[in-house]
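Please open the model in your viewer and keep the selection tool at hand. The tour moves from a helix pair to the empty spaces in the fold.

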Amino acid sequence: MAKTKTAFFCQNCGAQYPKWVGQCSSCKQWNTIVEEVVQKEEKRSWKTDSGTSKKVSRPLKIAEITNEKELRLDSKDQEFNRVLGGGIVPGSLILLGGEPGIGKSTLLLQIALKLNYKTLYVSGEESQKQIKMRADRIHPNSETCYILTETKTQNIFQQISALEPDLLVIDSIQTLHTDYIESAAGSISQIRECTAELIKFAKESNTPVILVGHITKDGTIAGPKILEHMVDTVLQFEGDRNYVYRILRSLKNRFGSTAELGIYEMQGSGLREVNNPSEVLISKNEEDLSGTAIAATVEGMRPLLIEIQALVSTAVYGTPQRSGTGFNAKRLNMLLAVLEKRAGFKLGAKDVFLNITGGISVDDPAIDLAVVAAILSSNSDIPIEKGVCFAAEVGLAGEIRPVQRVDQRIIEAEKLGFNKIFVSKNNKIGLKNTAIQIQLVSKIEDVVHSLF
């Protein structure tokens, strides 16, 4: 048995110190250093057969390396495949984080039940009966999904050796513990060691592993920051629990783009894939309402049309309020200053409230013109004509700036039945003979004269 020793770790970033200090020199946080018992043995939970010899890697010229297309496992979920870049890569480690109750376990159990591959779902938080009750609502009959309730990695690897699954799901990494570290489950040492054992298993057996990770009150994944560096892919499952829509984003992906987006709708029977989110995010009001504008945005490779609502009213309490839901508040203040200075609209003494419907957040600057149009529509109480949408950025001089991939935005708007779209005069548009009218504008005044 190796000699027991203690070390001091930062609970925020995972930095290690030989003695206790008040402030972490790495992340500058105070009172985050705790003492943990560290005891490692040379053996590990997962090891290859004694009869096999490990291959020693040798350096190769880059011209000698074959560029073969990576085979991926189809998760039977188009949104999940899109975010991962086309499917699950064998031998990869995927970390899924999100707020409590957002639907992380539901999403992974739903994928595990639909797969034709042999899947082992390991839960350290729920009993087998609880998981069975959820499975009956999602996908009652599955012959390939196995449920295991265990938190000790040694016992988990024994069952893995007997079952030999094609996919392993761990719910969650913070509940696992190994005998080779004498600290509590969820501590820095336990998370790092358990993840290292799972990485070794995934790479040597070429079996993909999906981990569920808890998040802190700051929204970051709990545990050491090195956890996100160790895994191949980090996914964020987000959304407001008061809304039915959930968004799956990729924060890190070694096998694909990090700009892709997956949208789900939470139902009683599980999460439903939203293949055409534009129709969902736009309300079907027959009445003409002021303060509403449609913006054409792009998330990853997918163009979306979203509805932006604005409310402008006289400030009652002296200091005007500026509030934005799903939109950057500082950018909202910037656009209001542009309208005040460049376009001559007196909005300094008025409250302005902005909302992006559906409970989603958008950072695309191409929605600036739609935000401005919604604010001016609410200020003058004149509704914008139906069938009009916007795709342009607004500069500090009041000019309308071009945006990327404008052709895709125009095609999406035309597909959804819009008959006019406002874009920058400086955009290079390659489309010809389109049914939708493309209105080219260069200043905010041009937009105001065309709409009101």
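**The pairing of H4 and H5**

Begin by selecting Thr153, Gln154, Phe157 and Ile160 in H4 together with Cys194, Glu197, Leu198 and Phe201 in H5, since these are residues through which the two helices meet. By class, the residues of this contact divide into five nonpolar, two polar and one charged. Bear in mind throughout that this is a predicted model.

Now widen the selection to the whole of helix H4, residues 153-163, and helix H5, residues 188-205, whose axes come within 11 Å and cross at roughly 15°. Angles under 35 degrees count as roughly parallel, and H4 and H5 are therefore roughly parallel to each other. If you look along the crossing of H4 and H5, its hand is right-handed.

**The largest pocket**

Next, select Ile282, Ser283, Asn285, Ile294 and Lys386, which lie nearest the centre of the largest pocket and belong to a lining of 24 residues. About 540 Å³ of space lies in this pocket.

Which elements should be coloured to follow the lining of the largest pocket, each supplying at least two residues? Colour helix H7 (277-281), strand S13 (292-299) and strand S14 (302-314), each of which meets that condition; the largest share, three residues, comes from S13. Colouring the lining by class instead, you will find nine nonpolar, seven polar and eight charged residues.

**The two cavities**

How many cavities of 30 Å³ or more does a search of the whole structure find? The search finds two, and each can be located by selecting the residues that line it.

For the largest cavity, select Arg72, Leu84, Gly87, Ile88, Val89, Ser92, Ile94, Thr233, Asn253 and Phe255, which line about 40 Å³ of space. The lining of the largest cavity divides into five nonpolar, four polar and one charged.

For the second largest cavity, select Leu73, Asp74, Ser75, Ile88, Leu115, Tyr117 and Leu167 as its lining, around a space of about 30 Å³. By class, the lining of the second largest cavity has five nonpolar residues, one polar and one charged.

As a last step, keep Ile88 selected while showing both linings, for Ile88 is listed in the lining of the largest cavity and also in that of the second largest cavity.

Key. Residues are numbered from 1 along each chain as its sequence is written. This is a predicted model: local features need pLDDT of at least 70, side-chain atom pairs count only at pLDDT 80 or more; totals for chains, interfaces and linings use all residues. Side-chain values use heavy atoms; hydrogens and water are left out. On a 1 Å grid over the protein atoms alone, a cavity is a set of points where a 1.4 Å probe fits but cannot get out, and a pocket is an open set with protein on both sides within 12 Å along at least five of seven lines; lining residues have an atom within 4 Å of a point. Grid points are joined across faces, edges and corners, and a volume is the space filled by probe spheres set on the points. Helices (H or I, at least four residues) and strands (E, at least two) are DSSP runs, numbered from the N terminus. Ala, Val, Leu, Ile, Met, Phe, Trp, Tyr, Cys and Pro count as nonpolar, Asp, Glu, Lys and Arg as charged, and the others, Gly among them, as polar. Axes are lines fitted to C-alpha atoms, for helices over the stretch in contact, and angles run from 0 to 180 degrees between N-to-C directions. Angles under 35 degrees count as roughly parallel, over 145 as roughly antiparallel, 65 to 115 as roughly perpendicular and the rest as oblique. A crossing is left-handed if the near helix is turned anticlockwise from the far one by less than a right angle, and right-handed if clockwise. Contact means heavy atoms within 4.5 Å.
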